[in-house]
Amino acid sequence: MTLSWNEIKAILTENVKLDKSRLPMDEIGECYVFLKKFAADKVIYGINTGFGPMAQWRVDDQYLSDLQYNIIRSHSTGAGEPLDDMCVKAAMLARLGTLLQCKSGVHPDTVALLIDFINRGIYPFIPQHGSVGASGDLVQLAHIALAMIGEGQVHYNGVWRDAGTVLAEVGLEPMKIYIREGLSMTNGTSVMTGVGLVNQIAAEQLLCWATIAAVWMNEIAASFDDLMAPALNDCRHHRGQQVIAAKMRRIAEGSRCLQKREHELYDNGHSDDKVFEHKVQAYYSLRCAPQILGPVYDTLANARQVLVDEVNSASDNPIVDPVSGNVYHGGNFHGDYVSLEQDKVKIAMTRVAMTAERQLNYLFHDRINGILPPFLNLGTLGLNYGMQACQFTATSTTAECQTLSMPNYVHSIPNNNDNQDIVSMGTNSALLCKRVIDNVYQVMAIQFMALAQAVDCLGIVDKLSPVTQAIYNDIRHISPTIVADRPYYKEIAAVEAYLRQSQVSI
């Protein structure tokens, strides 16, 4: 059983419900029956042994159910602010993806209850801090399991409530322990994967906006359009660069702002000119958009594949395999795949913020652009300030992104009596990536306000491409043309919300 990216995205962003009748519930039951028989007279980790370094101790049969409850309760030790509902939903979906591989040995009732949590919008309290990302997200997954046994807290209909009360109210029975439900619900990469899925959706959206902004910037600068030409970009054999250039060409269709080099410089007899008023080549942050955003595209494409693969993987331990008739002990819970990709996405998104900040500097710096008033100031210079102070926010937020871009994947700290002697820190990587993505939205909100203001300064709205003109109109409904000074913080937040909520496809 596999979930496609489109299915995952629809469940998370469009509230599409999971259909139990289409899921392999019979195969899950068969795996459970196999494990029940297989474990009757064998020593199997986490079924009749302790956990982690405690695995060397056998647990008496009379305490096997207590063993499963104990790992849930003892590992519910998270700290910090709770994850938002979408991240929790994505984490539960990622956990479901593991259980749907029919390699965990859990009872079908457990899977059915998890589906009910997802479909009904019952979101367990999961603190941000607690996972080292090996043995998976033990602490944060324990908080999901705690709610499923009716002992934690859940966010339901926008209110934090006791999990047991909500379960009783909606007619759901708490999760029962059959064999290894406690370990199976707490062991794996599901929280880091869930946060990564949310990051992926947002990062792909940001890349679309950055590509639109790149075209819009070049329209304002009246750049030569060969920066996005197929002959230029196709001879460099990187798919991302070629895709971004092609997207830029589509966005630019119909624009009367961009210039043709062959008309302006090749055919009009400028060969004897000593100085050219218009730049022969634009600044790198404008001209090199395909080369800068291309690697971001490639990074996100790989990250998406890793996340989809992880959702559709058994990240449990041990792995129960009825086909071979065996139970395998290993480390599929180790989060290196996700952690490394989240660091890469974080770095790529920081690059998007840096590019936006440099493009903003071009718009605000009259001695660089040569065509716009300082800070896009349409008021009285000296008396009014235009968007001057907005740059402070964009620059400081970009600087924070740069600091946060230090790779977290390499920061392993041994723990758990050195049983976990090398760990992935995958959830930390995903959460830091999320922080960077949130920052980039703020920087780009300021950038899009500045782009609209620059259009007004030049009076070129009718010359924009249909794509950028439509976005200009949207921005101006949120943030009117700036002449007299006013507070901008609410407008920045409103434009950020627009960028987050508008679905752009190019």
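How far is the sulfur of Cys31 from the closest cysteine sulfur, and which residue holds that sulfur? The distance is 6.7 Å and the partner is Cys102, too far for a bond. This briefing walks through a predicted model, starting with its cysteines and moving on to its aromatic rings and its largest pocket. Helix α9 is one to keep an eye on: Trp209 and Trp216 both lie in it, and α9 also gives the most residues to the lining of the largest pocket.

**Cysteines**

- The structure holds 0 disulfides.
- For Cys31, the 6.7 Å gap to the sulfur of Cys102 rules out a bond, because a disulfide needs the two sulfur atoms within 2.5 Å.
- Cys31 has a relative accessible area of 1%, so it counts as buried.
- Cys87 is in no disulfide either, and its nearest cysteine sulfur belongs to Cys433, 11 Å away.
- Cys87 is also buried, with a relative accessibility of 1%.

**Aromatic rings**

- The model has 7 aromatic pairs.
- One of them joins Trp209 and Tyr498, a tilted pair with 5.6 Å from centre to centre and 45° between the planes.
- Trp209 belongs to helix α9 and Tyr498 to helix α20 (residues 489-501), so this pair ties together parts of the chain that are 289 residues apart in sequence.
- Both Trp209 and Tyr498 are buried.
- Trp216 and Phe448 form another pair, with ring centres 5.9 Å apart; their planes meet at 70°, so the pair is edge-to-face.
- This second pair also links distant parts of the chain, as Trp216 is in helix α9 and Phe448 is in helix α18, 232 residues away.
- Trp216 and Phe448 are both buried.
- Through ring pairs, Trp209, Trp216, Phe448 and Tyr498 are linked into a cluster.

**A charge over a ring**

- Lys42 places its charged end over the ring of Phe38, at 4.3 Å from the ring centre.

**The largest pocket**

- What is the volume of the largest pocket? It comes to about 760 Å³.
- The lining is made up of 29 residues, and those closest to the pocket centre are Lys9, Ile201, Ala202, Glu204 and Gln205.
- Four helices each give two or more residues to this lining: α1 (5-13), α9 (190-220), α14 (289-311) and α18 (426-458).
- Helix α9 gives the most, with 9 residues.
- Sorted by class, the lining has 14 nonpolar, 7 polar and 8 charged residues.

Technical notes: Residues are numbered from 1 along each chain as its sequence is written. This is a predicted model: local features need pLDDT of at least 70, side-chain atom pairs count only at pLDDT 80 or more; totals for chains, interfaces and linings use all residues. Side-chain values use heavy atoms; hydrogens and water are left out. On a 1 Å grid over the protein atoms alone, a cavity is a set of points where a 1.4 Å probe fits but cannot get out, and a pocket is an open set with protein on both sides within 12 Å along at least five of seven lines; lining residues have an atom within 4 Å of a point. Grid points are joined across faces, edges and corners, and a volume is the space filled by probe spheres set on the points. Ala, Val, Leu, Ile, Met, Phe, Trp, Tyr, Cys and Pro count as nonpolar, Asp, Glu, Lys and Arg as charged, and the others, Gly among them, as polar. Rings of Phe, Tyr and Trp (its six-membered ring) pair if their centres lie within 6.5 Å; planes under 30 degrees apart count as stacked, over 60 as edge-to-face and the rest as tilted. Buried means under 20% relative accessible area, exposed over 50%, partly exposed in between (1.4 Å probe, protein chains only). A charge sits over a ring if NZ of Lys or CZ of Arg is within 6 Å of the ring centre and within 35 degrees of the ring normal.
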